[in-house]
Amino acid sequence: MGAIITLSLLGILVLYLGLYKAKSLLLPVTMLGLVVALGFEISAWNKGVSPIYNGMVLFDNFALAFSILCIVITGLILFLSKEYFRAISNNVAEYYCLILFSLTGALMVCSYHNLAMLFIGIEVMSVALYILVGIRKTDFASNEAALKYFLMGAFSTGFLLFGITLLYGATGTFDITGIKNYLIDNPTALSPLFYGGILLLLVGLLFKVGAAPFHFWTPDVYDGAPILITSYMSTVVKVASFAGFIKLFSYVFSPLQDFWTPILLLIIVITLFVGNITALMQSSFKRMLAYSSISHAGYMLFAIISLGANANSSILTYGFAYSLASVAAFAGLILVKRSHGSDQFVAFDGLGKTNPLLALVITVSMLSLAGIPLTAGFIGKFMLFRSAMADYHIILLALAVVNAAIGVYYYLRVVVHMYFYPSITGEDTVAVPTSFNVVLILTLLLTVLIGIYPNCVISLL
Amino acid sequence: MNNLFILLLLPVASAVLLAFAKSSSTAKWIALVLSLVQVALTIPFVCAFVPDASVQFEQSFAWISSLNIHFHIGLDGISFPLVLLTNGLFPLIILSTFSKEIKHSFYALASFMQAGLLLVFMALDAFTFYVGWEAALIPIYFICALWGDGDRIKVNLKFFIYTFFGSLFMLIAILYLGQQTPNKDYEWTSFVALDLSEYAQRWLFWAFFIAFAIKIPIFPFHTWQPDTYTNAPTAGTMLLAGIMLKMGTYGVIRWLIPVVPFGASTYGTVALILCIIGIVYASIIAFKQQNAKRLIAYSSIAHVGLITAGIFAWNQEGLQGAILQMVNHGISVIGLFLVLDIIKSRTGTNTLNELGGLAYNMPVLATLFVIIMMGAVGLPLTNGFIGEFLLLKSLYSINIWYAAFAGLTLIFGAVYMLRLFQKSMLGTVDSSYVKVTDVKGVEVLVLVIICALIIALGIFPNSILKLSEASVTQLVQSVKF
C-alpha cells in the first residue's frame, strides 16, 4: 500500500513542481519517488498473506512481483523522457504526473482483491492515458488516437462494469474470495447472470489487453501517440492488465474452465494470426511493434487457458521479457526518428555500421521478441508453451509455432535493414544521449541475464 | 582440466573478447591463438577418454529449477568424434581467412557459433540441446548475410526462417516428451526410457525429422541449401557444410531414433528412400552445374544423404560409417571449398566454362586438389573410402536395391568431381590466367593439413571407429526397430 500512496502523493507533488516552474527537479524527484515506491514493494515481500483495508487489496507476492515489474519499466521509460518531453511540449510536469497516476492505477490492478478495486484501478490507469495519448494538441494523429482510445476504452469499461454488476447480482458480493466461495458452494445450479458476467468481463479485459477481435484501437492508438507513451502503454499497461486478468481467472473462475476455455482458445488463435499477419504487412517499425504487441497478447493468453502451477511465473517472465525488449525497441525508434525523421524500416538502414551498440541492442530485443534462445523472450515463450502443453493443446501449439515463424520474418526485417543495407544518410551517426545509452545497456543486460539465468525471475513466484 | 565447461566457456569468452577487438588483423591472430588453445584444451579429453559405451565427463546443474531443466552435458563415443571435428576444423577455418580482410565481428560470431555447436554435440538434456541448436543458427545467419554475395539478404532470410520453423516443431516435440516423463524433466535418459504410444511416436517422428531434415538437408527439404552455400563467404560455407549440417545427422542418431523407435520403424523406410532419392537427384544436378561452388553444394547433399541413409539403416556398420563419414565429409568439404576460394581469388570466377589449365601455373594447388578430390570421391587409402564402404554395406544388409542406388553416389561423385577438376585445372591455359600465381604460405599450410588428415584417416580409420564402436554397439542393441 505504501507504494500506491507514495505514487499518488508524488503525482500531486510533481504537478506543484510544474506550477512553480522547477523543471530541472521534475525527473530527479520522480525517479526518487519511484525508488521509494520500489522500496515499499520490496520490503513487503513475503508479508502479505491476507487482504487488507476491508478486503479491498491484497499484497501477496503475485501482486508485488507485478508491481515491481511495472515500476521498473516505468522507471526505464521515464529515464528516457528527459529530452523527449522537452522536445514536444512545454508543460513537462503534466507528463510525469499523468504517467505516475496511470502507474498508480496499474499497481491497483495488480493488487486488487475486490472487483470494485479492479474497476477503479483500470479507470485510473486508463483515464490518465486518454490524456497522454492526445497530449500533442496540434497533432492530428495524436488527436485521432486519443479520441479512438477514449471511445473504445469507454466501451470496454462499460462492458467491464456491466460484467461486474451481473456478477454482483448473482453472488451478492464484489469480493473475489466471496465470488469464489459462491462458485464452490453452487457447483451446478449457477445463475445465468453469472455466465453473462464472466463473458462481459472477458470482453472488457480482452479490450484492455488488445486481443483480437477487440484490437482495432491498438494500431492507430499506438501509432498516433507519442512514442514514449506508446512504449508505456504497450508494456506497463498491458502487463498490469494481464496481471488483473490472470488473477481473476485463475483464482475465481478456474472451476468454470470448461465454460470459458473454448472461447479463449478461439480468441487466441484469431489474435495470433491477426497480429502476426498484419505485422507482416507493415513498412513502419512503430506500426509493426503495435501489431506485434497484439500477437504477444495472444501468447500471454496461453497462461490463462492453462492455469497450472507455473502460469503466474510464466506470465511474469514473459511480461518482463516483452517489456524490456519493447522499451529497447522504442528507445531505438525514438533515436532513429529524431535523427532521420521517419519511423519506417528504411530509416534503420546502415545503423549497424554507424551505431553498432544501438543496432546490437535493437537486434537482441528483436531476437527476444521472436523468442530465440539465450534471450529472455525464449524463456517466456518456452514457459507459456510448456503450460499449454500441460493441457495437451497440441493443435494450438502447432498454430503458435507457425505464428512464431511468421514473427521471425518481420522482427528480422529491421535487423536486415540495420546490418545489410547501406545507410541512406551516409556515415552520419545517430546521436545517442547518455540516458538512452544507460537504458539500452540495462535492457540488453537484463534480457540476456534472464535468458541465461531465468531462475532469477521464475523463482520469484 | 577435465571439466567440459572449459570447452564451452572458452569460445564464448573468445567471442566477447573478439567483439571488442580493435582491428581486423589483431582479431585474426587472437582468434587463431584462442582456437589453438581450444585444441590444446581438447587434448586432455582425448587422453582421458575411455572408448567404452559410458557417458564421460558429465556435468549437470539445475538451470531452471521449477521446471526441472538441467544444464547437462557429457561425451560418449558418438558425440566425441564430432567435438573433435568441431575443435579441429576451427583453426583451419580461421587460417583460411588469413589472406582476406574480414572484420573482427566475423571471428566473434564464429567463436560464438563454435560454442553453440559444441553445446549441441554435448547436450544430454533436450532443453540444453535446443538452446545450442538455435545458438548456432544466429551467428551463421549473420556471417552469411553480412559477408556473403549475390542475393544474400533474401537467400539467408529463407535459410533462417526455414531452419527456425523446423526447429520449432522439434520444440513442440520436446515439450510433449517432457510432459510425459515422470518427473516432467527433459533429460535424454528419461526421454529414451519413455513408453510412448504408437500414435504419439508417429507424429513425434515427423516433428523431429523435419527439424533435422531441414538442417542436414534431406531431399525435399534441401531447397535453401545450394543458394545459401553459394552466396555465403567461404568461411561461412565451411562452417555450414563442414560442421553445422552434422548437427542434423547427430540429432537423428542421438534424439530421433532412440526416443521414438516405433516411429522410426514405421517411417524409417520413407526417410531412407528420401535420402536415396536425394543422393541420386543431387548427384545428377551436381553434374549439370556451371558454378563450382554450387556443384560442391549439391555434392554435399548427396554425401549427407548417404550418411543419413546409413543412420536409418540402424545397424553397427551404418552408424559407425555415419560417424566416420561425418568427420570425413567435414574435412573434405572444407578442403574443396578452400580450393575453390583460392581459385576465385586468383581468377575472379568459379564458373567452370571460364576456367581451365590452371594446373600449368599452379602445380602445388593441383596436386593438393587431387588428394582432396580423391578423399571426396572415396578412393581407397583416402578417408572417404572406409566411410562410404561401411555405409553401403549397411544398406546392402537391408535391401540390395538401396545399396545399388545409393552406390551410384560413388560413380556420379567420381564423374562430377573429375569434371570439376578437368574443367578448372586441365585443358588449355586461358590467356587471361597466364599470370596466376600458385598457392603459398598459409594456404599451403591449411591444404597440406587437410590432405594429411585425409590420408591419415584413410589409412587409420580405426582412430575414429574405435572411439565410437562401444557406444554404437550399445545404442544399436538397446534401441531396436
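A:Asn54 counts as exposed because it has 9 C-beta neighbours inside 10 Å. The cut-offs behind that word run like this: a residue with 20 or more other C-beta atoms within 10 Å of its own is buried, one with 12 or fewer is exposed, and anything in between is partly exposed, with C-beta atoms placed from the backbone. A:Asn54 sits in the loop between helix H2 (23–43) and helix H3 (61–88) of chain A, and its phi is positive, near 55 degrees, although the residue is not a glycine. Helices (H or I, at least four residues) and strands (E, at least two) are DSSP runs, numbered from the N terminus.

This is a predicted model, in which local features need pLDDT of at least 70 and side-chain atom pairs count only at pLDDT 80 or more, while totals for chains, interfaces and linings use all residues. Residues are numbered from 1 along each chain as its sequence is written, and chains are lettered from A and ligands numbered from 1 in the order in which they are written.

Chain B has a similar backbone story to tell. B:Leu381, in the loop between helix H16 (363–377) and helix H17 (383–398) of chain B, also has a positive phi, near 75 degrees, without being glycine. B:Leu381 is exposed, since 12 other C-beta atoms lie within 10 Å. Then there are two cis peptide bonds, and the prolines of both are in the loop between H9 and H10 of chain B. The table lists them.

| Peptide bond | Form | Omega |
|---|---|---|
| B:Ile216 to B:Pro217 | cis | near -10 degrees |
| B:Phe219 to B:Pro220 | cis | near 0 degrees |

Back in chain A, take helix H6 (residues 140–171). Its 32 residues should span 46 Å at 1.5 Å a residue, and the end C-alpha atoms are indeed 46 Å apart, which agrees; the expected span is 1.5 Å times one less than the number of residues. After H6(A) comes A:Gly172, with a positive phi near 80 degrees. From the C-alpha atom of A:Gly172 to that of A:Tyr182, 10 residues away along the chain, the separation is 9.2 Å. A:Tyr182 belongs to helix H7 (residues 176–185) of chain A and is partly exposed, with 18 other C-beta atoms within 10 Å.

Now for the inside. The largest nonpolar core has 378 residues, and those with the most contacts inside it are A:Phe66, A:Cys70, A:Ala240, B:Phe208, B:Leu239 and B:Ile372. Such a core is a set of buried Ala, Val, Leu, Ile, Met, Phe, Trp, Tyr and Cys residues joined through C-beta atoms within 7 Å. Helix H13 (residues 311–340) of chain A gives the most to this core, with 18 residues. The core also draws at least three residues from each of domain 1 (1–259) and domain 2 (275–481) of chain B. Leaving aside neighbours within four places in sequence, A:Ala240 is in contact with A:Phe66, A:Cys70, A:Ala106, A:Val109, A:Cys110 and A:Met125. Contact here means that two C-beta atoms, placed from the backbone, lie within 7 Å.

Where the two chains meet, chain B puts in 23 residues and chain A 26. On the chain B side, helix H5 (126–135), helix H6 (137–147) and helix H7 (152–180) are the elements that give two or more residues, and H7(B) gives the most, with 12. By class, that side has 19 nonpolar, 3 polar and 1 charged residues. Ala, Val, Leu, Ile, Met, Phe, Trp, Tyr, Cys and Pro count as nonpolar, Asp, Glu, Lys and Arg as charged, and the others, Gly among them, as polar.

Chain B itself is divided into domain 1 (1–259) and domain 2 (275–481), with bounds from an automatic or database domain assignment. The C-alpha centres of these two domains lie 22 Å apart, and their contact takes 39 residues from domain 1 and 47 residues from domain 2. On the domain 1 side, H11(B) gives the most, with 13 residues, and the classes there are 26 nonpolar, 10 polar and 3 charged.

As for chain B as a whole, there are 20 helices and 2 strands, and buried residues make up 60% of its 481 residues. Its radius of gyration is 21 Å, which agrees with the value near 23 Å for a compact globule of 481 residues; the radius is taken over C-alpha atoms, and the globule rule is 2.2 Å times the number of residues to the power 0.38.
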